[in-house]
Amino acid sequence: MKTHESGTEQHGEQQYGGTGRADAQRRGTGQRGGAEYGGARGGRTDVVTADADGDGVPVTVSADGLPEWLDPVVSAARTVRPQQLSRFLPPESGAGRQSAVLVLFGEGARGPELLLMERAGSLRSHPGQPSFPGGSLDPEDGDQATTGPLRAALREAEEETGLDPGGVQIFGVLPRLYIPVSSFVVTPVLGWWREPSPVGVVDPGETARVFTVPVADLTDPANRATAVHPSGHQGPAFLVESALVWGFTAGVIDRILHFAGWERPWDRARQVPLDWRA
């Protein structure tokens with residue numbers, strides 16, 4: 001699939017405010033607090049540290065020292081409401097399989113980028129579908145209502161891509177969302193790849209590839225479409241890096257781009273059909 005790379009580097013510099021490593025030292029910004037993460041909603045709490053399961057290893061959420069282009073994402077994470085992200089919200093009963101994904105921003109050769117992985121084509125569920133690293137919470141991750149999702153997101157990302165979690169700075173958490181077909185309650189954990197480490201496929205039986213996507217490609221209208229499932233469900237999609245990103249992952253990316261003010265007008269009538277295996 002064509003990625004339409006022409007002109008995206010210049011656009012990225014203008015839209016995201018610079019991507020040099022020096023930008024990462026300019027200043028810190030406020031973060032989404034929420035009582036479960038130790039801060040007051042809408043207030044400024046640069047560092048939140050908690051020992052989720054008493055093992056002496058702290059989980060830290062900090063918006064200090066981020067590159068300036070991430071400011072809109074920090075602000076959006078602090079103020080966005082669950083209903084603004086999805087119409088599928090966790091059951092009030094508390095039912096559901098608790099899980100977390102790592103939405104990891106880094107800086108590549110072409111500016112801001114996101115880390116994604118592609119599921120193995122041999123899997124029975126969503127074969128070949130790109131996604132964020134992530135998975136279910138384990139008991140050792142700690143309290144699911146506090147920092148358990150943070151630990152799970154980092155642990156799963158390490159297990160699936162081989163990244164060093166020590167180089168990831170968690171700077172925010174989006175509201176929990178729900179995937180009805182699988183009953184997953186998913187917490188998107190926002191991270192800054194402060195110290196990039198090598199990544200790749202850890203288990204070929206689970207993952208086909210690990211790759212990064214420039215944010216400039218995700219905002220390029222030529223790479224955007226509406227995915228249409230045979231069931232009738234429709235949602236945003238991105239045709240990038242020879243992959244079709246759709247479903248939950250595309251929905252989260254779409255909302256981040258929108259509320260960060262990075263979205264560019266695109267043709268929502270352009271459709272990409274999915275098959276029943278999707």
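1. A good place to start in this predicted model is strand 3, residues 97-108, where 10 of the 12 residues are buried.

2. Strand 3 has several partners. Strand 9 (residues 184-193) runs parallel to strand 3, and 9 bridges join the two; if you want to find this pairing on screen, look for L102, whose bridge partner in strand 9 is V189. With strand 6 (residues 134-136), strand 3 pairs in the antiparallel sense over 3 bridges, and here S99 is matched with S136.

3. Strand 4 (residues 111-119) is also an antiparallel partner of strand 3, over 4 bridges. The two strands form a hairpin with 2 residues between them, and E107 has P112 as its bridge partner in strand 4.

4. Now to the empty space inside: there are 2 cavities of 30 Å³ or more. The largest has a volume of about 70 Å³. Helix 2 (71-79) and helix 6 (247-259) each supply at least two residues of its lining, with helix 2 giving the most, 4 residues.

5. What classes of residue line the largest cavity? The lining has 11 nonpolar residues, no polar ones and 1 charged residue. Among the lining residues are P72, V73, L190, R255 and F259.

6. The second largest cavity holds about 40 Å³ of space. Helix 5 (215-219) and helix 6 are the elements that give two or more residues to its lining, and helix 6 provides the largest share, 3 residues. All told, the lining divides into 8 nonpolar, no polar and no charged residues; F105, L114 and W262 are included.

7. One residue to click on is I256, which lines the largest cavity and also lines the second largest cavity.

Definitions and conventions
Residues are numbered from 1 along each chain as its sequence is written. This is a predicted model: local features need pLDDT of at least 70, side-chain atom pairs count only at pLDDT 80 or more; totals for chains, interfaces and linings use all residues. Side-chain values use heavy atoms; hydrogens and water are left out. Buried means under 20% relative accessible area, exposed over 50%, partly exposed in between (1.4 Å probe, protein chains only). Two strands pair if DSSP finds at least two bridges between them. On a 1 Å grid over the protein atoms alone, a cavity is a set of points where a 1.4 Å probe fits but cannot get out, and a pocket is an open set with protein on both sides within 12 Å along at least five of seven lines; lining residues have an atom within 4 Å of a point. Grid points are joined across faces, edges and corners, and a volume is the space filled by probe spheres set on the points. Ala, Val, Leu, Ile, Met, Phe, Trp, Tyr, Cys and Pro count as nonpolar, Asp, Glu, Lys and Arg as charged, and the others, Gly among them, as polar.
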